[in-house]
Amino acid sequence: MAILVFFGIVALLVIWAIASYNRLVGLRNQVLNGWRQIDVQLKRRHDLIPNLVNAVRGSMDFEKDTLTSVMDARARALAATGPADAAQKEGQLTQALGKLFALAENYPTLKSNDNVKMLQEELSSTENKIGFARQFYNDIATNFNTAQQVFPTNIFAGMFGFKPAELFEITDAGDRAVPTVDLARH
Amino acid sequence: MNLYEQQASNRRRTWLVMFAFVTFLFILGLGFDAFYLNVGGGFPVGSLLALGVGSVSAVTSYFTGDRAVLLATGAKPIADVVAAASDADKLKLKQLDNVVDEMSIAAGLPRPPVYIVPDPDPNAFATGRGPGHSSIAVTRGLLDALDRDELQGVVAHEMSHIRNLDVRLMTIVAALVGGVALLSDWARRGMWWGGGGRRRDNDRGSGGGALGLVFFVVWIVAILLAPLMAQALAMMVSRRREYLADASGAELTRNPMGLAHALEKIDAAVAPTQAINRGSAHMCIADPLGRQANLREDGGWSGLFASHPPMAARIAALKEMSFQR
């Protein structure tokens, strides 16, 4: 009798462990997928930027510095290695783009150009998508981390090689500050 | 109520509404058998037919109710609208398209197809049976009146309806409430036309005169009250949900003021949304009938049968979320 009870308890434990393991795997895949969604949007932004720069180049000829700094920031973002580095470079690219948009406001020809407006809409939507993808990633990553850290799952989560997912944070101190854009013509 | 409780409650209520609809039809059929045919000797054709038709239409509504609702409002897929649009208009449509993309990313749901309802009054609704099988429709007027942030707020509100399965319940209610009203009308007309003579026949044929009379009264009351009850059910279903969808929509955009401003603009436009009829009023972000229309049609019932909470209360709740009074 005692042996039966013992085996019963062991069987229950094994079933619980399998269920928890599978749940963690499912959550981990969701987190990975969420991460890729961010990448997709970042890639889309990199693809859109040359179009925008070409479209505005004619009208904004004497803002060459701004245009160059956007293209440089894009090149640096493309060459970034690792998530932390990428986050910082992408942040700089966002700032450079923000400055370009703010300056474009000074050019009536640009403001009324449908092509430029469409590109601006696409780019700001992509910015939003990056933001929302990060927001969603942080939400599911938090779920994943909580699932690993609650008792009793925490006992074996580490044994099976589950690691807490890194949350998206603003890495650059400059990004935390409210951006200041100099609207005066140079 | 968290998301899973909302989903579970919506699943349960969808079943309940479908069950109530089939039961109502069955009672209609029973009455038909009792009063128009001879129930003792004859085969219960009416009851069986009603049961069959009821079940089939409930299941059909579950799977195709969204298409019926979209068809009834004359909504067109956004791709068709874009093809015939001017350049400035294309930008606005692209904005809507992008905003839907953004909100499906934020909610982590598959992107729903987008439809435009050709109506100048600002309004919007979602229909379908859940994530992956739903659509979002906005009116032309909404697209023209709102800026990007406001549009985002409205789409987020509709996306929350999809995520917490409100769409499922609301679509089935829209499809079946219309059916109940129609059937009740038919049954009533049938009674005036041929009820009297046949009923005497029936009293002569079967023994249970008193019992038959009681059942007859119940039957008539059921027929007369059914549309009213169906309407009340639809309204009860939607009122509380609007607050919830407002709140979870704001959670998606992290910008409650976008939706608050959108609601202010929608409220300011008093013209009723003509393209959206009474049967699907409860699905919309704002009551498409407008206050005047509601009063006229229901003659004083408008308070009890209001499909939406007062706009001022919704806007105040949203403003409180962003610490603005």
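Q: How many bridges join S1(B) to strand S2 of chain B, and do they run parallel or antiparallel?
A: S1(B) and S2(B), residues 114-117, are joined by 2 bridges and run antiparallel. Strands here are DSSP runs (E, at least two residues; helices are H or I, at least four), numbered from the N terminus. Two strands pair if DSSP finds at least two bridges between them.

Q: Any caveats on the model and the labels?
A: This is a predicted model: local features need pLDDT of at least 70, side-chain atom pairs count only at pLDDT 80 or more, and totals for chains, interfaces and linings use all residues. Residues are numbered from 1 along each chain as its sequence is written, while chains are lettered from A and ligands numbered from 1 in the order in which they are written.

Q: Which residues stand opposite each other in S1 and S2?
A: B:Lys76 stands opposite B:Ile116, and B:Pro77 has B:Tyr115 as its bridge partner.

Q: What is the strand order in the sheet?
A: The order is S1-S2-S4-S3 in chain B, an open sheet of 4 strands with mixed pairing. S1 (76-77) and S3 (124-128) of chain B each have a single partner strand, so one side of each has no neighbour in the sheet.

Q: How does S2(B) pair with S4(B), parallel or antiparallel?
A: S2(B) and S4(B) pair in the parallel sense, over 4 bridges. B:Val117 stands opposite B:Thr139 there.

Q: Are the residues on the faces of S2(B) buried or exposed?
A: B:Val114 and B:Ile116 on one side, and B:Tyr115 and B:Val117 on the other, are all buried (20 or more other C-beta atoms within 10 Å of the residue's own, C-beta atoms being placed from the backbone).

Terms used
A residue is buried if 20 or more other C-beta atoms lie within 10 Å of its own, exposed if 12 or fewer, and partly exposed in between; C-beta atoms are placed from the backbone.
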